[in-house]
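Please open the model in a viewer and follow the selections below in order. Each stop names what to select and then describes what is found there.

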Amino acid sequence: MGTPGQQLFQTAANSLWDVLKQLRQDASAVLNGLGPEPGFAGTPLDGRLLKAINPSQISTADPAAAVLLNALKTILPDVGAGEVPVALHGFDPGSGAPRGLALVAATDTAVTAVAALTGAGAQGLAFEIAAVGAGAFGPVTLNLLQNWALQISGNVNGGGRLQLPRSGPPQVLDAGAPVAVNWAVKRSGPSTTFGADIGPQIVASTVNLSAKTNVDGGGLPTVNYEISLGNAKLSLAPDFLAALIGNALTFPITLDLTADPSNGIQFQSGGIKATLPTNLDLPGIDIQSLTVDVEMQGSTIDFSFTTALTGGFEGLPVSFSVSGLGVKFPVAVGAGALGIDPQGVQPVPPNGIGVDLTLPVLSGGGFLEVIGPGGFGGVLDLDLIEVTIQAFGLLQLPVNGQSLSFVGIIAVGFPLPGIELGFGFALTAVGGIVAVNRRLDAPSLEAAVLDGSVNQIFFPVDPASHGPAIVATLGKVFPPADGHIVVGPMLQIGWGGRILSLSMAVVIDLPNPVQLVIMGRVKLALPDPSAPLVLLQATVVGIFEFSPSFSLTVLASLSGSSIVSFPIHGDLLFLLRTGDDAAFVLSVGGFHPRYLPPAGVPKLARVQIDITPPGFPGLRSEAYFAVSPNSVQFGAHLELCDEIAGCGVDGWFDFDALFQWDPVFSFQVNCSAGVAVQVLGETLAGISFQLAVSGPAPWHVHGTGSISLFLFSASLDFDVSWGSAPPALPPPDDLGVVLAAALADPSAWVGTPPKGDDAMVTLSIDSNGAKGMHLVHPLGGVTVRQRAVPLGIRIERYQNQPITPQTWSISAAEFNPGNDALLGSPTQDEFSAGEFLNLSDDEKLSRPSFEKFNSGEALTDPDPTSDTLVVGDTSPEVVLIPAADFVFTENLKFTLLSAEIFLAIGDLHALPNLWNAAGTQFVSVAQQQPVAVANTATMEAQAVTAVSPGYTANLQAAQAQFGSVGPAASVQVVERWEVSA
């Protein structure tokens with residue numbers, strides 16, 4: 001893709017090439033009749049440079065090509081008026097390529113330079129730079145018409161040609177090269193106006209367009225372009241405003257653009273966006289910035305100038321701020337147009353407006369910002385007598401395919417001491433959050449807590465002055481999401497006057513996934529907020545997510561806090577998550593350096609305190625503590641630094657500990673410390689050591705140390721181990737027995753209903769649990785799962801003990817001897833990988849707490865049958881299978897489970913006597929009507945072979961003959977009276 005400047009250059013170049021190609025084609029009729037220009041025998045121009053022509057001899061119907069022709073007519077002298085230094089010629093590139101146009105400059109130093117547009121190259125279009133003469137020349141200025149001039153310079157080196165095709169690599173065409181020629185077309189004198197006569201415009205005193213050709217170190221031609229407007233004046237006032245204030249918003253500017261294929265289009269300062277000096281002083285108005293931005297829109301290059309300013313009106317209690325006010329100059333580079341159309345110059349309305357009002361009864365301010373097509377964000381902060389009203393929101397109108405969405409937060413603050421609640425507590429503010437077609441984004445909310453930006457939307461101080469930041473935070477935390485609603489109350493409670501302040505919001509995000517978020521901010525200031533010795537400020541957010549799996553995240557950040565002027569900050573995280581990416585983490589201040597946190601865990605700042613009293617050395621300390629399912633981690637860092645006049649002392653102490661208990665208890669502790677005295681950047685004396693201890697079976701200690709003096713240094717390394725590995729543990733229980741016990745548990749077996757609309761009948765609620773039986777729909781299946789041992793993986797450990805590696809899986813199943821069950825999709829459950837796999841220390845730290853592994857199988861009976869039929873009061877057919885055997889084998893081991901299963905087939909209205917107590921009153925069911933198979937469209941009877949006249953028999957016969965059966969299929973089973981005669 002390249003940089004934005006490179007993309008801009010490529011797009012603009014393609015459009016300009018199209019215009020030049022059209023111009024060359026329109027000139028072909030004139031060019032084909034030209035003969036060679038005499039006087040260049042024996043030079044690279046011999047036979048190639050053709051006779052001179054006037055631009056008026058060429059006609060074109062293309063508007064963009066016509067602009068180029070008119071420009072040439074304006075600045076080039078008439079070739080019939082005598083000898084002219086710069087003229088338009090024809091040019092023959094040779095090798096049968098189409099002829100082209102050439103701008104020829106003849107200097108008084110016997111150097112002739114040619115810039116030709118020809119039909120050469122793979123795409124039939126190329127620039128050729130040619131020169132004849134000798135050595136270096138120029139700069140030479142050749143006067144043109146209308147205050148324009150051509151200035152050329154370079155080094156001919158005996159003459160040669162360079163070719164720059166539209167596509168393909170540039171090349172040197174003659175051995176006499178390299179040729180280096182600098183072309184610069186300049187205009188000075190009367191100012192040139194770009195834009196309308198009244199309103200937004202640029203008035204330039206000088207215009208400079210230049211091209212520099214050369215040959216790089218690899219022998220390939222290069223070209224660089226420059227465009228500059230010197231001593232220019234930019235007016236930003238729209239025409240109606242310019243008629244009132246004149247040139248009050250006119251800035252002196254200088255624009256310098258460069259362009260080349262390698263770097264693209266960019267300002268001399270770099271990039272396609274630049275900040276210009278304002279150099280403008282207006283009474284009561286402060287110009288904060290002036291920027292220019294370049295972008296491509298189709299075949300038009302847009303130059304956008306915007307400014308930001310603040311000001312007020314003398315004698316009025318109103319001040320204002322404006323951002324994004326400006327003007328856009330579209331420069332067409334193709335598609336039927338070329339240059340600036342004065343009618344296309346458009347004022348750019350401000351994207352942000354702020355107003356502050358100061359009155360005896362009402363004071364405050366507001367901010368309104370445009371945030372894209374149809375998007376608006378605003379902030380309002382008013383003090384009405386002693387009541388504070390805050391409101392900020394984001395509105396997206398339904399434009400450009402975006403849905404209507406809105407998020408708003410409003411808060412009302414009460415004057416101190418607030419509304420008394422008792423026991424020293426008082427309600428100081430209330431509010432609420434409402435969002436429509438927007439959701440609450442948990443990762444963005446967590447990031448806002450860690451960087452402190454969430455405080456800008458949570459009872460902020462002076463929100464009007466932070467309007468853009470508040471609107472940006474709202475957009476990140478509450479992004480658009482069709483169908484979502486976010487709502488929740490806010491309140492602020494104080495205690496002890498202003499000593500303790502608690503702000504809280506409870507927000508729910510509906511409908512799916514449901515999120516419940518509790519946000520809070522605690523501020524404690526002792527002994528008084530105006531001059532606190534202890535200032536603790538913590539922001540806390542708790543996020544409850546219920547789908548697709550439950551998770552709880554509690555994140556807290558301590559920022560802006562201090563104890564006796566010593567700054568304190570740090571982060572805390574508690575994460576409990578179930579589902580496919582289950583995880584458990586508790587961390588205060590981050591994690592061990594080797595630990596890879598679970599997905600979704602943000603980077604946490606260490607708990608840190610800076611102890612730097614005035615006149616004392618700087619002392620900074622950090623600490624962390626973390627717990628994961630496989631480890632406990634904690635550590636600290638202490639740093640001392642003091643310097644006076646280039647001389648100082650540096651010291652440090654690092655400590656990291658990792659404790660693990662799987663498979664046996666073990667720990668690793670790493671610490672290092674050192675101190676050095678430095679003079680003018682050189683170490684005068686220093687001592688340091690590093691120590692690593694692990695154990696307890698065996699114990700291992702590794703250490704290094706060094707001492708450095710001005711002219712002497714020494715080091716010491718040691719590595720010691722003692723003790724023996726822990727004794728081998730007895731082998732664990734046989735996993736076949738473990739699996740057999742797990743599969744024999746009745747809770748491991750669950751009946752599953754049929755898929756879709758194939759059920760035909762439904763088991764009643766009364767049937768569940770009858771006589772301890774497992775009830776299964778005849779067209780359904782059985783699912784068996786256990787959570788003792790994962791299936792399908794190589795198990796190397798069990799109950800924290802190493803075992804012989806083995807893999808268990810369900811290879812076959814039977815409902816009865818000889819009646820095989822079909823194995824469906826395996827079931828999965830969560831297991832802790834560290835309990836069954838040999839993991840390295842790094843893997844134990846980085847792998848998820850729980851992972852999904854196979855735990856069972858879904859079973860179906862391809863042909864449910866029984867030798868026992870129970871006949872009831874009504875016609876439905878009932879099959880009772882008193883016993884079914886399920887056999888699961890792995891290697892030479894198997895598990896046998898017997899389960900009593902009830903299968904009901906037919907139109908199950910009743911047979912409640914199978915599970916209801918004796919003496920229960922029953923509802924009589926009428927005799928089933930005769931049924932038949934009929935064509936769904938015509939209701940004509942269809943002949944089938946059924947073993948009995950019942951509904952089930954006809955249904956099975958129809959399925960065997962026609963496939964799908966039902967109201968949506970070609971045939972269905974109906975009562976016989978419904979069949980057409």
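In which loop, between which two strands, is the place of Leu-404? Select Leu-404: this residue is in the loop between strand 26 (387–396) and strand 27 (405–413). Helices (H or I, at least four residues) and strands (E, at least two) are DSSP runs, numbered from the N terminus. Leu-404 counts as partly exposed because its relative accessibility is 47%; buried means under 20% relative accessible area, exposed over 50%, and partly exposed in between (1.4 Å probe, protein chains only).

The structure is a predicted model, in which local features need pLDDT of at least 70 and side-chain atom pairs count only at pLDDT 80 or more, while totals for chains, interfaces and linings use all residues. Residues are numbered from 1 along each chain as its sequence is written, and side-chain values use heavy atoms, with hydrogens and water left out.

**The whole chain**

Display the entire protein chain. Its secondary structure comes to 9 helices and 57 strands. Of its 981 residues, 40% are buried. The chain exposes about 48,700 Å², of which carbon and sulfur atoms supply 60%; accessible areas come from the Shrake-Rupley method with a 1.4 Å probe, and for residues only the protein chains shown count as cover. Among contacts (heavy atoms within 4.5 Å) with a separation of 6 or more, residues 24 or more positions apart account for 53%.

**The nonpolar patch**

Return to Leu-404 and add Leu-368, Val-370, Phe-376, Leu-395, Leu-397, Phe-406, Val-434, Val-436, Ile-485 and Val-487: together these residues form a nonpolar patch on the surface, with about 830 Å² of accessible area. Strand 24 (362–370), strand 29 (425–438) and strand 30 (480–495) are the elements that give two or more residues to the patch. Patches are made of residues with over 30% relative accessible area and no salt bridge; like charges are joined within 9 Å, and nonpolar side chains (Val, Leu, Ile, Met, Phe, Trp, Tyr) within 5 Å.

**A pair of helices**

Two packed helices are described by the angle between their axes and the distance between the axes. Select helix 1 (residues 4–26) and helix 3 (residues 63–75), whose axes come within 9 Å and cross at roughly 75°. Axes are lines fitted to C-alpha atoms, for helices over the stretch in contact, and angles run from 0 to 180 degrees between N-to-C directions. Helix 1 and helix 3 are therefore roughly perpendicular to each other, since angles under 35 degrees count as roughly parallel, over 145 as roughly antiparallel, 65 to 115 as roughly perpendicular and the rest as oblique. Val-19, Leu-20 and Leu-23 of helix 1 make the contact with Ala-64, Ala-65, Leu-68 and Leu-69 of helix 3.

**Backbone geometry**

Go next to Pro-139 in strand 6 (residues 136–143). The peptide bond leading to Pro-139 from Gly-138 is cis, with omega near 5°. In the loop between strand 6 and strand 7 (148–155), select Gln-146, which has a positive phi of about 55° although it is not a glycine. Asn-147 is found in the loop between strand 6 and strand 7 as well, with a positive phi near 65°.

A cis peptide bond also runs from Leu-526 to Pro-527, with omega near -5°. Pro-527 lies in the loop between strand 32 (515–526) and strand 33 (534–545).

**Salt bridges**

Which side chain meets that of Arg-99 in a salt bridge? The partner is Asp-92, at 3.9 Å from N to O. A salt bridge is a side-chain nitrogen of Lys or Arg within 4 Å of a carboxyl oxygen of Asp or Glu, and by this rule the count comes to 10.

Select Glu-226 and Lys-212, which form a salt bridge with their closest N and O atoms 3.9 Å apart. Glu-226 lies in strand 14 (residues 221–235) and Lys-212 in strand 13 (residues 206–215), so the pair ties together parts that are 14 residues apart in sequence.

Finish with Arg-620 and Glu-639, whose side chains meet in a salt bridge of 2.8 Å, N to O. This pair links Arg-620 in strand 38 with Glu-639 in strand 39 (residues 631–644), 19 residues apart. Add Glu-622 to the selection: salt bridges that share partners join Arg-620, Glu-622 and Glu-639 into one network.
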